[in-house]
Amino acid sequence: MNRILFESFEISDGVATCGGARARHILDVLHGEVGQQLRTGEVDGPVGRGEIAAVREGADGPVVEVRVRHDGESLKPWADIVLAPPRPRVMKRLLPQLAAMGAGRVVLVGAKKVEKDFWGATLLREENWRPLFIDGLMQAGTSVMPELLVRRSFRRFVSDELDTMFPTRNRVVAHPYAEGSALAEGRPGRLLLAIGPEGGWTDDEVELLESRGFRRFSLGPRILRTDTAVIALLSNLNKEDGT
Ligand code: SAM
């Protein structure tokens, strides 16, 4: 964790309190002790620094109190994702990575080859996905919470919502079978990246996205697991430094 994030309700009179994994990380990994400085921030709020004010034993393990001063702005997300979700086990690995790499809004869409069981997954409850995003933010040292939306009908989402939700023209659909580099002409604006299900996009789905201005992009003929592909794709398409 490169920044310890606190929920706003965990901060009172300039003192943030945490237990659980964050307290253990502060004590065991950062070897925290009273007086030590930490990089801190508020989930979906400002970032800054903190000083460990107290360490005590709570009912469920150690509790750390940090006097915080949050007056800086976090890096902002630079990409949005339309994701045909993989199995929940893969999603659990993927969500922290998306937050760490700078995803803003993640829309889970029901493409044809998404496993039907996925939609009953407990991971879709906010209390389960939120901590995974926060893990990724703490890793990256940022604080802007991604949004997670679910749209079971891929076609309805594309026809009714896509353009208003994502006005950008910089739209890319990741597809291993795309020929050549469809990105040659490059487009300005925030990236909207569509990633297919474990079974892959159908031809109809890729054509539908193309009709809405998405350019096909392949990382090459090796077909990667979704969580690997997302990282490779975002690294390839990252224009965060403004170049
Ligand atoms: N069997 C599927 C197929 O043949 O398309 C594999 C899908 S892969 C596990 C899941 C998604 O990751 C793909 O739909 C695509 O969006 C992305 N992906 C994986 N490998 C890729 C590559 N080499 N280039 C571009 N996208 C890739």
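**Exercise 1. Polar contacts of the ligand**

Which polar backbone atom is 2.9 Å from an oxygen atom of the ligand? Identify further contacts and state how far the protein covers the ligand.

*Solution.* The model is predicted, with local features needing pLDDT of at least 70 and side-chain atom pairs pLDDT 80 or more, while totals for chains, interfaces and linings use all residues. Residues are numbered from 1 along each chain as its sequence is written, and side-chain values use heavy atoms, without hydrogens and water.

Step 1. The 2.9 Å pair joins a ligand oxygen to a polar backbone atom of G196. A polar contact here is a pair of N or O atoms within 3.5 Å.

Step 2. A ligand nitrogen atom is 2.8 Å from a backbone N or O atom of R222. For E198, a polar backbone atom is 3.4 Å from a nitrogen atom of the ligand.

Step 3. Taken alone, the ligand exposes 570 Å², of which the protein buries 90% (Shrake-Rupley method, 1.4 Å probe).

**Exercise 2. The shell and the largest pocket**

Describe the residues around the ligand and the space that the ligand takes.

*Solution.* Step 1. The ligand is surrounded by 20 residues, the closest being A174, Y177, G196, L219 and R222; a residue counts if one of its heavy atoms lies within 4 Å.

Step 2. This shell divides into 11 nonpolar, 7 polar and 2 charged residues, with Gly counted as polar, and Tyr and Pro as nonpolar.

Step 3. The ligand takes the space of the largest pocket: more than half of its atoms lie within 2 Å of the grid points. A pocket is an open set of points on a 1 Å grid over the protein atoms alone, where a 1.4 Å probe fits, with protein on both sides within 12 Å along at least five of seven lines; lining residues have an atom within 4 Å of a point.

Step 4. The volume of the largest pocket is about 400 Å³. Its lining has 25 residues, and P176, P197, I223, L224 and A229 are the closest to its centre. Helix α6 (residues 226–237) gives the largest share, 4 residues (helices are DSSP runs, H or I, of at least four residues).

**Exercise 3. The second largest pocket**

Determine the volume and lining of the second largest pocket.

*Solution.* Step 1. The volume is about 160 Å³.

Step 2. The lining includes M1, L5, R22 and M138. The elements giving two or more residues are α1 (20–29) and α3 (126–140), and α3 gives the largest share, 4 residues.

Step 3. The lining divides into 7 nonpolar, no polar and 4 charged residues.

Definitions and conventions
Polar contact = N/O pair within 3.5 Å; in protein donor to acceptor, adjacent residues only side chain to side chain. Points joined across faces, edges and corners; volume = space filled by probe spheres on them.
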